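User: Could you take a close look at one part of this protein for me? I would like to hear about one helix and its surroundings, with the cysteines and the pocket brought in along the way.

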Amino acid sequence: MDLLQAATAVRENAYAPYSKFKVGAAIRSASGVIYSGCNVENVAYPEGTCAEAGAIAAMVAAGETELTEVYVIADSPAPVPPCGGCRQKLVEFGKPEVRVTMCTTDGKTLEMTLDEILPGRFVADHMANT
């Protein structure tokens, strides 16, 4: 299974009874394993979980801490980028050149690197004096 297939499949499992906006994400780890996640809403907004965060959590739970590729898919008119919080989560585990492919269910795509989706990101070096 490739990343697009994994993200598409997991999107169907999204729990989105309030927004009806299902999102699927899949990441490839440095070992080549694919981890996926879907959004999980909660009636007490904003207590839900994003698809990207779910995929990262699955990767970390499996003992891995580096991602090398990301796919995100949603049923929208244009490719949906990760939210700001998920962008920060992705750069925690991926190098600046990691490719993020954002897709719609009807085949539109947009590709960017982590460096492009979160310029000026906060990194551990910012805490060097602590």
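Analyst: Here is a walk through helix 3 and then outward to other parts of the chain. Please keep in mind that this is a predicted model.

Helix 3 covers residues 84–93, and its buried members are Cys86, Leu90, Val91 and Phe93. Looking down the helix axis, you will find these buried residues within an arc of 165°, so they line one face of the helix. That set of buried residues packs against two other helices, helix 2 (51–61) and helix 4 (114–117). It also packs against strand 3 (67–74) and strand 4 (94–104).

Cys86 is a good place to step off the helix. Its sulfur is the closest cysteine sulfur to that of Cys50, at 3.7 Å, which is too far for a bond, given that a disulfide needs the two sulfur atoms within 2.5 Å. Cys86 also holds the closest cysteine sulfur to Cys103, but there the separation is 16 Å, again too far for a bond. The disulfide count for the structure is 0. The surroundings of these two partners are worth a look as well: Cys50 counts as partly exposed, at 31% relative accessibility, whereas Cys103 counts as buried, at 4%.

Cys50 leads us to the largest pocket, which has a volume of about 280 Å³. This pocket is lined by 18 residues, and those closest to its centre are Phe21, Val23, Asn39, Thr49 and Cys50. Sorted by class, the lining has 12 nonpolar, 4 polar and 2 charged residues.

Back at strand 4, one of the elements that the buried face of helix 3 packs against, we can pick out Thr101. Thr101 is buried, with a relative accessible area of 1%. Beyond its neighbours within four places in sequence, Thr101 is in contact with Val70, Tyr71 and Val72, and also with Thr109, Leu110 and Glu111.

Two backbone details round off the tour. Most peptide bonds are trans, and most residues other than glycine have a negative phi. Tyr45 and Pro46, however, are joined by a cis peptide bond, with omega about 0°. Pro46 lies in the loop between strand 2 (34–38) and helix 2, and helix 2 is another of the elements packed against by the buried residues of helix 3. The other detail is Lys20, a residue other than glycine with a positive phi, near 65°. Lys20 sits in the loop between helix 1 (3–11) and strand 1 (23–29), and it is exposed, with a relative accessible area of 63%.

Conventions:
Residues are numbered from 1 along each chain as its sequence is written. This is a predicted model: local features need pLDDT of at least 70, side-chain atom pairs count only at pLDDT 80 or more; totals for chains, interfaces and linings use all residues. Side-chain values use heavy atoms; hydrogens and water are left out. On a 1 Å grid over the protein atoms alone, a cavity is a set of points where a 1.4 Å probe fits but cannot get out, and a pocket is an open set with protein on both sides within 12 Å along at least five of seven lines; lining residues have an atom within 4 Å of a point. Grid points are joined across faces, edges and corners, and a volume is the space filled by probe spheres set on the points. Ala, Val, Leu, Ile, Met, Phe, Trp, Tyr, Cys and Pro count as nonpolar, Asp, Glu, Lys and Arg as charged, and the others, Gly among them, as polar. Buried means under 20% relative accessible area, exposed over 50%, partly exposed in between (1.4 Å probe, protein chains only). Helices (H or I, at least four residues) and strands (E, at least two) are DSSP runs, numbered from the N terminus. The arc is that of the directions from the helix axis to the C-beta atoms. Contact means heavy atoms within 4.5 Å.
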